[in-house]
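I set out to record what I looked up in this structure, entry by entry. The notes go from single residues to the ligand and then to a pocket.

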Amino acid sequence: VWPHALGLAAGLAGVGVDGATRAAGVLFALPKQLGGLERLRAEFGPEVAALAGGVEKLYRLRVATRAGAEQQNEVLRKMVLGMVEDVRVVLVRLASRTQTLRWFAKNPLAEREGYARESLDIYSPLANRLGVWQLKWELEDLSFRFLEPDLYRKIAQMLEERRGEREQYIRDAMAALRAALEAAGVQAEIAGRPKHIYSIWNKMRSKGLEFSQVYDVRAVRVIAPSVRDCYTALGVVHDLWQPIPKEFDDYISRPKGNHYQSLHTAVIGPGGKTLEVQIRTEGMHRQAEYGVAAHWQYKEKAKTSKDF
Ligand code: AMP
Ligand code: MG
């Protein structure tokens, strides 16, 4: 219990949750062992006790839904969101499942496939909806590795670099771009990410692409103050790195059907590696990111409090 609880708390710290939630993570299995929620309340206060109680409730749901059929998954996801009054409970549940999969990575028992399938069916879509990217990619990559070890290994080999090296590559590319934008007088925010293995596989499969045709394996994003700054930033990017022909899309002057706006380009980045660059204003970014969240909330009619 303790290695799991401590790994879980570290995972929660990694996504930046507050102290009460981390405490509830450490204490996740203890309401029973310590003599009930009353005891937790007395020792750690009502907030931690309520969170730990909520987590316990979700663990019971798992036992009840082990053999969930395909079409029940959406119902289950809704149940998870509807059952909790405090979304932090779901974060603890997701971090706990991530920790369980990490354990299975070192201890390859046969039942890990069931956990992997359930993680892809229920938990990673929840992480996606809550926008907890760090938990989503790890849930998906570990699950994919357990379910499709050969495919996973093939893509990992084609990537040539390990995750940490790919993260460093992105940081270096962002630093170079930041300096060039500053020199051009563009006050931009820059983000970036290495695409995770499961997402690479999904893109190859759904679009029928070869690995070499996936241009956003390494990607950065520029959030600039105005539309004019976006086009200036595009010039800066193409001056810094050579663009790849036919990979430029101007969704600012020609928005997508869903009103999505951005400039997309792919370039030969540092070290000759392909790099995707997206450029958009803050308003376009909010529409792209939170427009989706608002859509989920509307569609799912989840029991949403202000905190949620
Ligand atoms: P994907 O790997 O395309 O499924 O995207 C996963 C996450 O990476 C999402 O949170 C996206 O917002 C983010 N992302 C996608 N493209 C970029 C990019 N060019 N720069 C920075 N983040 C990105
Ligand atoms: Mg992409």
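Entry 1. Terms and model.
I count a residue as buried when its relative accessible area is under 20%, and as exposed when that area is over 50%. I note at the outset that this is a predicted model.

Entry 2. H264.
I looked up H264 and found it in strand β5, which covers residues 263-268. Is H264 buried or exposed? Its relative accessibility is 14%, so H264 counts as buried. I then searched for a partner of its side chain and found Y260, with a polar contact of 2.7 Å between the two side chains.

Entry 3. E118.
I located E118 in helix α8, residues 112-130. E118 has a relative accessible area of 8% and is therefore buried. Which side chain does the side chain of E118 contact? I found a polar contact of 2.7 Å with the side chain of R97.

Entry 4. V89.
I placed V89 in helix α7. The relative accessible area of V89 is 4%, so I entered this residue as buried. I also checked its distance to A52: the C-alpha atoms are 7.7 Å apart in space, while the two residues are 37 apart in sequence.

Entry 5. L6.
I found L6 in helix α1, which runs over residues 2-14. L6 has 51% relative accessibility and so counts as exposed. For the pair L6 and G25, I noted a C-alpha to C-alpha distance of 8.1 Å at a sequence separation of 19 residues.

Entry 6. Ligand 1, polar atoms.
I went through the side chains with polar atoms at ligand 1. For K195, I noted a polar side-chain atom 3.0 Å from an oxygen atom of the ligand. For R221, a polar side-chain atom lies 3.2 Å from a ligand oxygen atom. For E276, an N or O atom of the side chain is 2.8 Å from a nitrogen atom of ligand 1. I then looked up how much of the ligand is covered: taken alone, ligand 1 exposes 480 Å², and the protein buries 75% of that.

Entry 7. Ligand 1, shell.
I listed the residues around ligand 1; among them are W133, G192, S199, D216 and E289. By class, I recorded three nonpolar, three polar and six charged residues in this shell. Which elements each supply at least two residues of the shell? I found β1 (189-194), β2 (218-224) and β6 (274-281). The most comes from β2, which gives three residues.

Entry 8. Second largest pocket.
I took the volume of the second largest pocket as about 520 Å³. How many residues line this pocket? I noted 22, with R145, Y152, A156, R162 and I197 nearest its centre. The elements that give two or more residues to this lining are α7 (88-106), α9 (133-147), α10 (149-159) and α11 (163-183). I recorded the lining as nine nonpolar, two polar and 11 charged residues.

Entry 9. Recapitulation.
For later reference, I list H264, E118 and V89 as buried, and L6 as exposed. At ligand 1, I keep K195, R221 and E276 on file for their side-chain atoms.

Technical notes:
Residues numbered from 1 in each chain as written. Chains lettered and ligands numbered in written order. Predicted model: local features only at pLDDT ≥ 70, side-chain atom pairs only at ≥ 80, totals over all residues. Heavy atoms only, no water. 1 Å grid on protein atoms, 1.4 Å probe; cavity = no way out; pocket = protein on both sides within 12 Å on 5 of 7 lines; lining within 4 Å. Points joined across faces, edges and corners; volume = space filled by probe spheres on them. Helix = DSSP H or I, 4+ residues; strand = E, 2+ residues; numbered from the N terminus. Nonpolar A, V, L, I, M, F, W, Y, C, P; charged D, E, K, R; others polar. Near = heavy atom within 4 Å. Polar contact = N/O pair within 3.5 Å; in protein donor to acceptor, adjacent residues only side chain to side chain. Areas by Shrake-Rupley, 256 points an atom, 1.4 Å probe, with all protein chains shown as cover. Buried < 20%, exposed > 50% of the residue type's maximum accessible area, 1.4 Å probe, protein only.
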